[in-house]
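Subject: Structure handover

Hello,

Here is the structure I said I would pass on. My notes on what was found in it follow below.

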Amino acid sequence: MASRLNPYFSFPGNAREAMEFYQRVFGGSLSTSTFGAMGTDDPALADKIMHAMLETDRGFTLMGSDTAPGMAHDPGNNVAVSLSGDDADDLRGYWGKLTEGGTVTVPLEKQMWGDEFGMCVDRYGIGWMVNIGQPQG
């Protein structure tokens, strides 16, 4: 898969509702993963969305999640840019450049879902998420 650049929205607990709304607007296929499916033991988070992705026939991709525990939800500042794919060298190169003069908020490392993932804010205040998936073979 080639690297892709997508908007990523954070919601204050209504990610499922919002992403289903966008699916009604744009059509396409919506996939969701909950915090519970990823192993949280907090019943208040079990059904909240850890990650959702809407992919449309027109090539639009929107991603989103409920705001993770311990993170602030600031309307107006609740959008990041998600850079994802399986070209690890390219994505690590982008990560290195984006973090120069910026702040790493989640180190780029292997996560519980098997991919490498990291988050940073670049020197201009833009939030970035980088996800390096496993090549599909």
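**The sheet**

The eight strands of this predicted model form an open sheet in the order 2-3-4-1-5-8-7-6, and their pairing is mixed. Strand 2 (29-34) and strand 6 are the edge strands; each has a single partner strand, so one side of each is left without a neighbour in the sheet. Direction ignored, neighbouring strands are turned by 20 degrees against each other on average.

Strand 7 and strand 8 run antiparallel and are joined by six bridges. One pairing to look at is that of cysteine 120, whose bridge partner in strand 8 is tryptophan 128.

**The helices on the sheet**

Helix 1 (residues 15-26) packs on the sheet and touches strand 1 (4-11), strand 2, strand 3 (49-55) and strand 4 (61-66). The direction of helix 1 makes about 165 degrees with that of strand 4. Helix 2 also packs on the sheet, where it touches strand 5, strand 6, strand 7 and strand 8. With the direction of strand 8, that of helix 2 makes about 160 degrees.

**Helix 2 in more detail**

Helix 2 covers residues 88-99, which is 12 residues. From its first C-alpha to its last it reaches 16 Å, close to the 16 Å expected at 1.5 Å a residue.

Which residues of helix 2 are buried? They are Leu91, Trp95, Leu98 and Thr99. These residues lie on the same side of helix 2, because they cover an arc of only 90 degrees around the axis. As a rule, an α-helix has 3.6 residues a turn, so residues three or four places apart point the same way. The buried residues of helix 2 pack against strand 5 (79-85), strand 6 (103-110), strand 7 (116-121) and strand 8 (127-132). Asp89 and Lys97 are exposed, on the face of helix 2 turned away from its buried side. Just after helix 2, glycine 101 has a positive phi of about 75 degrees.

**Tryptophan 128**

Tryptophan 128 lies in strand 8. Its relative accessible area is 16%, under the 20% limit, so tryptophan 128 counts as buried. Leaving aside residues up to four places away in sequence, tryptophan 128 touches Leu5, Val81, Leu98, Gly118, Met119, Cys120 and Asp122. Leu98 is also one of the buried residues of helix 2. Leucine 5 is 123 residues from tryptophan 128 along the chain, and their C-alpha atoms are separated by 10.0 Å. With aspartate 122 there is a polar contact, side chain to side chain, at 3.0 Å from tryptophan 128.

Regards

Technical notes
Residues are numbered from 1 along each chain as its sequence is written. This is a predicted model: local features need pLDDT of at least 70, side-chain atom pairs count only at pLDDT 80 or more; totals for chains, interfaces and linings use all residues. Side-chain values use heavy atoms; hydrogens and water are left out. Helices (H or I, at least four residues) and strands (E, at least two) are DSSP runs, numbered from the N terminus. The expected span of a helix is 1.5 Å times one less than its number of residues. Buried means under 20% relative accessible area, exposed over 50%, partly exposed in between (1.4 Å probe, protein chains only). The arc is that of the directions from the helix axis to the C-beta atoms. Contact means heavy atoms within 4.5 Å. A polar contact is a pair of N or O atoms within 3.5 Å; within protein, one must be able to donate a hydrogen and the other to accept it, and residues adjacent in sequence count only if both atoms are side-chain atoms. Two strands pair if DSSP finds at least two bridges between them. Axes are lines fitted to C-alpha atoms, for helices over the stretch in contact, and angles run from 0 to 180 degrees between N-to-C directions.
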